Amino acid sequence: MSLAMLNGSVNLAVKHSLDDLLGNPVRFRAASVNTSSTPETPYVPLNAPKNKKTGDSSGSKHSEQGLTSSKPSSASVPSAERKKPSGTRGEGADDFVDEDPSFIPPARILYPEEKVALDWQSILQNAPGLVNLGNTCFMNSVLQLMTHTPPLAQYLLSVQHSIACRLNSCVLCKMEQQVARAFPNKGAKRGSAFKPSGIQGMLKVIASHFRPYRQEDAHEFMRCLVDAWQKSCLQNYKNLDHPSRETSVVHRIFGGYLRQQILCSVCKKPSNTYQALLDLSIEAKDSSMLDCLKHFVQAEKLVKQNRYRCSNCKKLVDATKTMTVYRAPNILTIHFKRFTFNGYSSSKIGKHINYPERFDLAPYMSDPSRSCRYELIGVLVHAGGSTRSGHYYSFCKSSNGMWLKFDDEFVSNSSIDRVLNQQAYILQYKRIPGSSSGKRKTSDTGVSTQSNSQKKKKKKSVSF
């Protein structure tokens, strides 16, 4: 057979096979759920002994009765167990059990919260300073805060992300390299000041409007940096719902939820909506951080042209709107809105705002009966009159409990009294293990498992 005839026969076969497929499309049967707790046919064990009659109908009936009786009825199962989601969502799926019915839980868990270690697991050598590459103090101060965030630093030192990463330009991989240089040999050696060239080279990836050698706003850089990390965490996942995206390691460390509740003045029926948060931006109008938080959660009246259309009353009614913290993050980042913008210029609110070393977030949460205590681990300061000028530096709490001041490549010891007397722009707090994050659970799952004796030994080695 010639080559031409062979090709013709192949093309003819392909044509006929395609015509057959198109003429007889695949049809799917409607899905059905078998709610029966027992098999439709008698169960016959494949590995039954030879001297046992597997076809005995009486035996199969007994086995069916045993299977049926061994499974408790839905009435006898506690409600908490019936609400528990299926394990198909992955490890840590019970983080969202017994939430508010209007709170949509994730379909999939990306990173279990049990793996988040809030405290330093070992004492590391102090991190070095970062060389200013030309108006990069905004970047250096933020990088120092992140480097001294215990759950993030320890996750990056474990190189879990880079092992699985497939991106050519990954911001989280660059941050992993940044932390590795800050803590050589996982903190066993003391590093020297270095250039954060890896992160600077990713400025356009972090945010397209960032320009090298130009002063930027530190809070804006921090937000864009964390968002870039989130994109890196989601690289291997497709078609995820928003709640599932918010179970990444980034959200497990920095993320929480706000609840906006609108209460109808007529029927008193509340309407709740939830919003993920990675930091908390509050007005710099009061003299203390706690007063600023009180102003943030203060109820707003919806009257006159702002009246609320109640779905229950079917009409416009007066209402009150309240914003509270529904689920508190493990790392709480508080940003003071110190800058006001007027066209192309900006001005700064330079008043001193008092902030505590430790405080309880409970009064500002949706459920104020649950204590949620925090301790200060970082302060970022802006010295100057606008976002395009001035200088940024930061104070960070090291793994040995001592406070350090990071002013570009210069590092010096500090004290808590000096730290609390700064004109803070960004504050970073760490949730104290054992305090509730607002989840309706009896146990705290936000810390790594560790024996009490180990915790006591570690506390003895830390001097405050």
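Let me start with a yardstick: the expected span of a helix is 1.5 Å times one less than its number of residues. Helices here (H or I, at least four residues) and strands (E, at least two) are DSSP runs, numbered from the N terminus.

Before I use that, some housekeeping. What we have is a predicted model, where local features need pLDDT of at least 70, side-chain atom pairs count only at pLDDT 80 or more, and totals for chains, interfaces and linings use all residues. Residues are numbered from 1 along each chain as its sequence is written, and side-chain values use heavy atoms, with hydrogens and water left out.

Okay, helices. Take H11, residues 218–233: its 16 residues should span 22 Å at 1.5 Å a residue, and the end C-alpha atoms are 23 Å apart, which agrees. How much of H11 is buried? I'm calling a residue buried under 20% relative accessible area, exposed over 50%, and partly exposed in between, with a 1.4 Å probe and protein chains only. On that basis 12 of the 16 residues of H11 are buried, so the helix is largely enclosed by the rest of the structure. Among them are Phe221, Met222, Leu225, Trp229 and, right at the end, Cys233.

Helix H7, residues 171–182, gives a similar check: 12 residues, 17 Å from first C-alpha to last, close to the 16 Å expected at 1.5 Å a residue. The buried residues of H7 include Val171, Leu172, Met175 and Val179, and also Glu176 and Gln178. Keep in mind that an α-helix has 3.6 residues a turn, so residues three or four places apart point the same way.

Back to Cys233, since somebody will ask about disulfides. How many are there? With a disulfide taken as a pair of cysteine sulfur atoms within 2.5 Å, the count comes to 0. Cys233 is buried at a relative accessible area of 14%, but its closest cysteine sulfur, in Cys170, is 8.1 Å away, too far for a bond. Cys264 is in no disulfide either, with the nearest cysteine sulfur, that of Cys267, at 3.7 Å. Cys264 is buried too, with a relative accessible area of 0%.

Now the strands, and I'd like to build this around E12, residues 373–383. Of its 11 residues, 9 are buried, so E12 is largely enclosed by the rest of the structure. Which strands does E12 pair with? Two strands pair if DSSP finds at least two bridges between them. E12 pairs in the antiparallel sense with E16, residues 424–431, over 7 bridges, and with E13, residues 391–397, over 6 bridges. There is also E11, residues 358–360, antiparallel to E12 over 3 bridges.

If you want to find the register on screen, Asp360 stands opposite Arg373, Tyr374 has Arg431 as its bridge partner in E16, and His382 has Tyr392 in E13.

Arg431 comes up again. Asn330 sits in the loop between strands E7 (319–327) and E8 (331–337), and at 1% relative accessibility Asn330 counts as buried. What do the side chains of Asn330 and Arg431 share? A polar contact of 2.7 Å. A second one, 3.4 Å, joins the side chains of Asn330 and Glu113. By polar contact I mean a pair of N or O atoms within 3.5 Å; within protein, one must be able to donate a hydrogen and the other to accept it, and residues adjacent in sequence count only if both atoms are side-chain atoms.

Last topic, rings. Rings of Phe, Tyr and Trp (its six-membered ring) pair if their centres lie within 6.5 Å, with planes under 30 degrees apart called stacked, over 60 edge-to-face, and the rest tilted. The structure holds 13 such aromatic pairs. One of them is Phe103 with Tyr257: centres 4.9 Å apart, planes at 85 degrees, so edge-to-face. Phe103 lies in the loop between helices H3 (79–83) and H4 (137–147) and Tyr257 in strand E1 (residues 256–264), so that pair ties together parts 154 residues apart in sequence. Both are buried, and Phe103 and Tyr257 form one aromatic cluster with Tyr274 and Tyr326.

Then Phe359 and Tyr429, with centres 4.9 Å apart and planes at 80 degrees, so this pair is edge-to-face. Phe359 is in E11 and Tyr429 in E16, so the pair ties together parts 70 residues apart in sequence. Phe359 is buried at 7% relative accessibility, and Tyr429 at 0%.
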